[in-house]
Amino acid sequence: MFEVKGFDPHNDYVMIKVERAVDGDNIRARRCFVCGDQPTTGVGEHVFPKWLQTRFGLFDERLTLINGTFIPYRSLTVPCCAECNTGFLSRIETEVQEIVERGSVETSADRLSVARWMAKILVGILVKETALLLDRKDPTLGNIVTADFISELVHCQLLLQSARKPARFGALHGTFPFTLYWYRIDGLENGFDLSTDIVGQSIAMRVGKLGLAFVNDGGLQMIHGEKGPYGLEGVTVLPHQFGELAARVHTKASLRDATHFYLNSETPTHLTIEQQDVRPFTSTTLAGGEMQVFQPWDSWKFSVRAAQVTRLEESVFMDTITGREMTTLTNLL
Ligand SMILES: [Zn+2]
């Protein structure tokens, strides 16, 4: 939901680029994934940048797509124009590469760079999936993701593209209108993991000594604690413990029952993204009288997800006899 103030099509407005980028026709026509212009010939933009593929040895590793098939990270490219590719996208990569090497998210500026980068990867994966058949043996089933689904990602795109010019953010639950938690990882220097939840618009990545979990939810998860599950943000965890934290964030993201209303505006020199209020999807009233913004926590859903992400048994996260949820984080609680 956007109210565009001072709309002037003669200026190079970020909000217009966002609109073009999420336009189904432009996506079907394989236009630039962030501005809708004619892409340059060549491979386009690597969703997982080359520095990351080199750093973590991802060239021959494969990502699992929504339909359960695999794609090598090196083949994950989306149409992009030279201006976007070498401009704001390249600046984000430079900032994030430094943060990944350092292994910590220190400042608000770091937080914003990481969120934009995660937003780019989330959008990039989905745009790629609009170009891939759901079932290669049966093209009539169409593509994995429909081009029109990308319009769901308008806020994600705006967050990413806010890197094009100085931006101001007004958010209800924290400094910025997104959820981002980071962790120090006690694991291999070149360890890498990725998990996503498309419905919840969440993505988590372990990049060496740094674990990141991002949700395009306007920061709603922070209502239940600014430092995430068990308040552990910034703490040192083992790789499988990070996997559990990621599964908790994904599960929560998939249970979101509200969105936000924004009042955004733009001038030639500034972009303002202003969150106004929370808009529940359903009108479920909780015992305390307030509106439900997350569906009730689901231990079963969580344990299935946690087993998937960590590749541990479901019984690690759920006692199947008592139905009691369990955690691998006890040494930190
Ligand atoms: Zn472009």
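In the predicted model, Cys32 has a relative accessible area of 2%, which classes this residue as buried. Cys35 is likewise buried, at 1%. Both residues belong to a metal site: the zinc ion is coordinated through the SG atoms of Cys32, Cys35, Cys81 and Cys84, at 2.3 Å. Along the chain, these donor residues follow the spacing C-x2-C-x45-C-x2-C. The angles subtended at the zinc ion by the four donor atoms run from 100 to 118°, and the arrangement is therefore tetrahedral. The criterion applied for this assignment requires all angles to lie between 85 and 135 degrees.

Arg30 lies in the loop between α2 (24-28) and β1 (45-46). The phi angle of Arg30 is positive, about 60°, although the residue is not a glycine. Most residues other than glycine have a negative phi. With a relative accessible area of 32%, Arg30 is partly exposed.

Helix α3 spans residues 50-55 and contains Gln53. The relative accessibility of Gln53 is 1%, so the residue counts as buried, the limit for this class being under 20%. A polar contact of 2.8 Å links the side chain of Gln53 to the backbone oxygen of Phe48. When residues up to four places away in sequence are left out, the contacts of Gln53 are His46, Phe48, Leu58, Phe59, Tyr73 and Arg74. Phe48 thus appears both as the backbone partner of the Gln53 side chain and in the contact list of Gln53.

Helix α7, formed by residues 154-161, is mostly covered, with seven of its eight residues buried. The buried set consists of His155, Cys156, Gln157, Leu158, Leu159, Leu160 and Gln161.

The strands β7, β8, β9, β6 and β10 form, in that order, an open sheet of five strands with mixed pairing. The edge positions are held by β7 (192-197) and β10 (236-237); each has a single partner strand, so one side of each is left without a neighbour in the sheet. Strands of a sheet pair through backbone hydrogen bonds, either parallel or antiparallel. Both modes are found around strand β6. Six bridges connect β6 with β9 (residues 210-215), and these two strands run antiparallel. Towards β10, strand β6 (residues 179-185) forms two bridges, and this pair runs parallel. Individual residues can be matched across the two pairings: Tyr181 has Ala213 in β9 as its bridge partner, and Arg184 stands opposite Thr236 in β10. Six of the seven residues of β6 are buried, so the strand is largely enclosed by the rest of the structure.

Leu180 is located in strand β6 and is buried, with a relative accessible area of 1%. Beyond residues up to four places away in sequence, Leu180 touches Arg111, Val114, Ala213, Phe214 and Glu233. Ala213 is separated from Leu180 by 33 residues along the chain, whereas the distance between the two C-alpha atoms is 5.6 Å. Ala213 is also the residue in β9 that bridges to Tyr181.

A further positive phi occurs at Tyr230, a residue other than glycine, with a value near 60°. Tyr230 is placed in the loop between β9 and β10. At 42% relative accessibility, this residue counts as partly exposed.

Helix α9 comprises twelve residues, 299-310, and reaches 16 Å from its first C-alpha to its last, close to the 16 Å expected at 1.5 Å a residue. At the start of α9, a side-chain oxygen of Asp298 comes to within 3.1 Å of the backbone nitrogen of Trp300. The buried residues of this helix are Phe302, Ser303, Arg305, Ala306, Ala307, Val309 and Thr310. Their cover includes the strand β7, helix α8 (239-254), and the strands β14 (318-319) and β15 (324-325). Of these elements, β7 is also an edge strand of the five-stranded sheet described above. After α9 comes Arg311, with a positive phi near 60°.

Note on methods: Residues are numbered from 1 along each chain as its sequence is written. This is a predicted model: local features need pLDDT of at least 70, side-chain atom pairs count only at pLDDT 80 or more; totals for chains, interfaces and linings use all residues. Side-chain values use heavy atoms; hydrogens and water are left out. Two strands pair if DSSP finds at least two bridges between them. Helices (H or I, at least four residues) and strands (E, at least two) are DSSP runs, numbered from the N terminus. Donors are N, O and S atoms within 2.8 Å of the metal (3.2 Å for Na, K and Ca); water is not among the atoms, so sites may look incomplete. Four donors count as tetrahedral if all angles lie between 85 and 135 degrees; four count as square planar and six as octahedral if opposite donors are over 155 degrees apart and all others between 65 and 115; anything else is irregular. Buried means under 20% relative accessible area, exposed over 50%, partly exposed in between (1.4 Å probe, protein chains only). Contact means heavy atoms within 4.5 Å. A polar contact is a pair of N or O atoms within 3.5 Å; within protein, one must be able to donate a hydrogen and the other to accept it, and residues adjacent in sequence count only if both atoms are side-chain atoms. The expected span of a helix is 1.5 Å times one less than its number of residues.
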